[in-house]
Number of protein chains: 2
Amino acid sequence: MTGPVRVLIVDDDDLMRAGLRAVLSSDASIDVVGEAADGRVAVASARALRPDVVLMDVRMPHQDGIAATRELAGVAPAARVLMLTTFEDDDYVFGALSAGASGFLLKRTRPEQLIEAIHTVADGDSLLSPSVTRTVIDRIATASPPDPVVAGRLRALTARERDVLELVARGLSNAEIAGELFVEESTVKTHMKRILAKLGLRDRVQAVVAAYETGLVRPGAPGRE
Amino acid sequence: MTGPVRVLIVDDDDLMRAGLRAVLSSDASIDVVGEAADGRVAVASARALRPDVVLMDVRMPHQDGIAATRELAGVAPAARVLMLTTFEDDDYVFGALSAGASGFLLKRTRPEQLIEAIHTVADGDSLLSPSVTRTVIDRIATASPPDPVVAGRLRALTARERDVLELVARGLSNAEIAGELFVEESTVKTHMKRILAKLGLRDRVQAVVAAYETGLVRPGAPGRE
DNA sequence: CCGCGCGTACCCCTGAAGGGGGATGCCGGA
DNA sequence: TCCGGCATCCCCCTTCAGGGGTACGCGCGG
């Protein structure tokens, strides 16, 4: 908000850095405070220069952009990372986003859009190139649609049965679940019997799989810890 | 490419429809071919009008935008859906994207951006409002980072042990795994013992949880079916 | 007012899973 | 060359999970 956005350019290609600097210099509200040619230097520079936004190339010698981004989270948490890449590679996209990047742009993005993007991430929002957005959406659309067959039967479970299933899906034994829910183990066993019957499953292991596949529980979801 | 983009406006609010029509009419490359006030009418209209892009409100009487979008996939697969909503609700976002929407915009989007968005989705790309992008990225970032603690130990497993673990995580019994791998069940049991020991887990149920949490297996991943 | 779904609880019995050993053959590095 | 890791196989024994069945109180709707 106050003053121009401080940007650090990280790319191993001299020409690309020069080009980016030229483009960004044309905007008065952007201040290019530094450049780095690889991930290691980038982290050091970010620590010293405290940029608002780091324009980070993915593919670089010594330390790639993903690893550098991950490190930045600890070193300069205020810096928002905008990944730049020539080709969109799924692994890169998800790797970068998991590492904490705020955006992912292709290098074929038009200059005005790049400038707008920098302001967007500086404001705390995120953005992706349209084609990248497509791959991300596809992942959500294809990876999450809970198997309707099993998901449907999931609704056949009573609230209590779902409680039990959630605990099962966290690796608890019947006895532990009983303790967690303040009921007898025999009660839990009864619930388990009904769960397996309703879902058409054989044992608690398959119940756990069903819980994950239907989205009842989600990897990385809090749960408790 | 050829001619203007044919747009169908779907919103239960008369004023909103009028506003959208006014905004879109200002662009020569956009042709508003129809309007609908609820999901049911929207599906019927789309069938008849064959729009390139459907601007779809989420919250509507009779049939909401999510359900309508899902139906559109079967009725007018060529139509790309751009969801519009006042507030961003996580369930809406993921519901809409799973239903096949190409984009998700907040109604506070500026007119020029809306117009650009329509062209973007018409071109087959996707896009999300910056703040929506943020929630989507957060989901990816928080949902996928495999627990490093357990993930580290995962690498302690031998290739064979990982094979076994993957099958365990699909709900197979030791005997079934033995059949799948063409070895004796006793061998599988030995592998299981080592897996549990190396990962510091108690039983196969926890092993399944670990497999999902570390990303060894992923919900919705093929596996077999 | 009665039935039914739900949550609670118990019994008996079988089979699978897991812990504790021990053993073999193969292969690659010290 | 010999040792160690890996995959394979075996036995014994204990525990827990699941399948079968039964039961009882509560609340809600017919």
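In the predicted model, a polar side-chain atom of Arg160(B) is placed 2.9 Å from a phosphate oxygen of DNA strand D. Two further residues of chain B make polar contacts with phosphate oxygens of this strand: a backbone N or O atom of Glu184(B) lies at 2.6 Å, and an N or O atom in the side chain of Thr187(B) lies at 2.8 Å. Glu184(B) and Thr187(B) also belong, with Thr158(B), Lys193(A) and Arg204(A), to the closest of the 19 residues that surround DNA strand D. Of the atoms of DNA strand D that come within 4 Å of the protein, 62% are accounted for by sugar and phosphate. Helix 10 of chain A and helix 10 of chain B each supply at least two residues of the surface near DNA strand D, and the residues of that surface divide by class into nine charged, seven polar and three nonpolar.

For DNA strand C, 19 residues are likewise found around the strand, and those that come nearest are Thr158(A), Glu184(A) and Thr187(A) from chain A, together with Lys193(B) and Arg204(B) from chain B. Sugar and phosphate make up 56% of the atoms of DNA strand C that come within 4 Å of the protein. Among the polar contacts to phosphate oxygens of this strand, a polar backbone atom of Glu184(A) stands at 2.6 Å, a polar side-chain atom of Ser186(A) at 3.2 Å, and an N or O atom in the side chain of His191(A) at 3.2 Å. The elements that give two or more residues to the surface near DNA strand C are helix 8 (159-168) and helix 10 (185-199) of chain A, along with helix 10 (185-199) of chain B. Helix 10 of chain A makes the greatest contribution to this surface, with five residues. The surface near DNA strand C consists, by class, of nine charged, seven polar and three nonpolar residues.

The relation between the two protein chains was examined by superposition. Chain A is brought onto chain B by a rotation of 179° with a shift of 0.3 Å along the axis, the RMSD being 1.0 Å, and the two copies are therefore related as by a two-fold rotation axis. Within chain A, the residue that comes closest to the rotation axis is Val205(A), whose C-alpha lies at 2.3 Å. Of the interface residues of chain A, 98% are also interface residues in chain B, so the copies meet through the same surface.

Chain A contains an open sheet of six strands with parallel pairing, in which the strand order is 2-1-3-4-5-6. Strand 2 (30-36) and strand 6 (127-128) of chain A stand at the edges and have a single partner strand each, so one side of each is left without a neighbour in the sheet. Strand 1 (residues 5-10) and strand 3 (residues 53-57) of chain A pair in the parallel sense over four bridges, and Val10(A) is found opposite Met56(A) in strand 3 of chain A. Helix 1 (residues 14-25) of chain A packs on the sheet and touches strand 1, strand 2, strand 3 and strand 4 (80-85) of chain A, with a direction that makes about 170° with that of strand 2 of chain A. Helix 3 (residues 65-75) of chain A lies across strand 3 and strand 4 of chain A and runs at about 155° to strand 3 of chain A.

In chain B, six strands form an open sheet with parallel pairing, in the order 2-1-3-4-5-6. The edge strands are strand 2 (30-36) and strand 6 (127-128) of chain B, each of which pairs on one side only. Four bridges join strand 4 (residues 80-85) of chain B in the parallel sense to strand 5 (residues 103-106) of chain B, where Met83(B) stands opposite Phe104(B) in strand 5 of chain B. Helix 1 (residues 14-25) of chain B lies across strand 1 (5-10), strand 2, strand 3 (53-57) and strand 4 of chain B, and runs at about 170° to strand 2 of chain B. Helix 3 (residues 65-75) of chain B packs on the sheet as well, where strand 3 and strand 4 of chain B are touched by the helix, and its direction makes about 155° with that of strand 3 of chain B.

Methods: Residues numbered from 1 in each chain as written. Chains lettered and ligands numbered in written order. Predicted model: local features only at pLDDT ≥ 70, side-chain atom pairs only at ≥ 80, totals over all residues. Heavy atoms only, no water. Near = heavy atom within 4 Å. Polar contact = N/O pair within 3.5 Å; in protein donor to acceptor, adjacent residues only side chain to side chain. Nonpolar A, V, L, I, M, F, W, Y, C, P; charged D, E, K, R; others polar. Least-squares fit on C-alpha atoms with pLDDT ≥ 70 in both. Contact = heavy atoms within 4.5 Å. Pairing = 2+ DSSP bridges. Axes fitted to C-alpha atoms, helices over the stretch in contact; angles between N-to-C directions.
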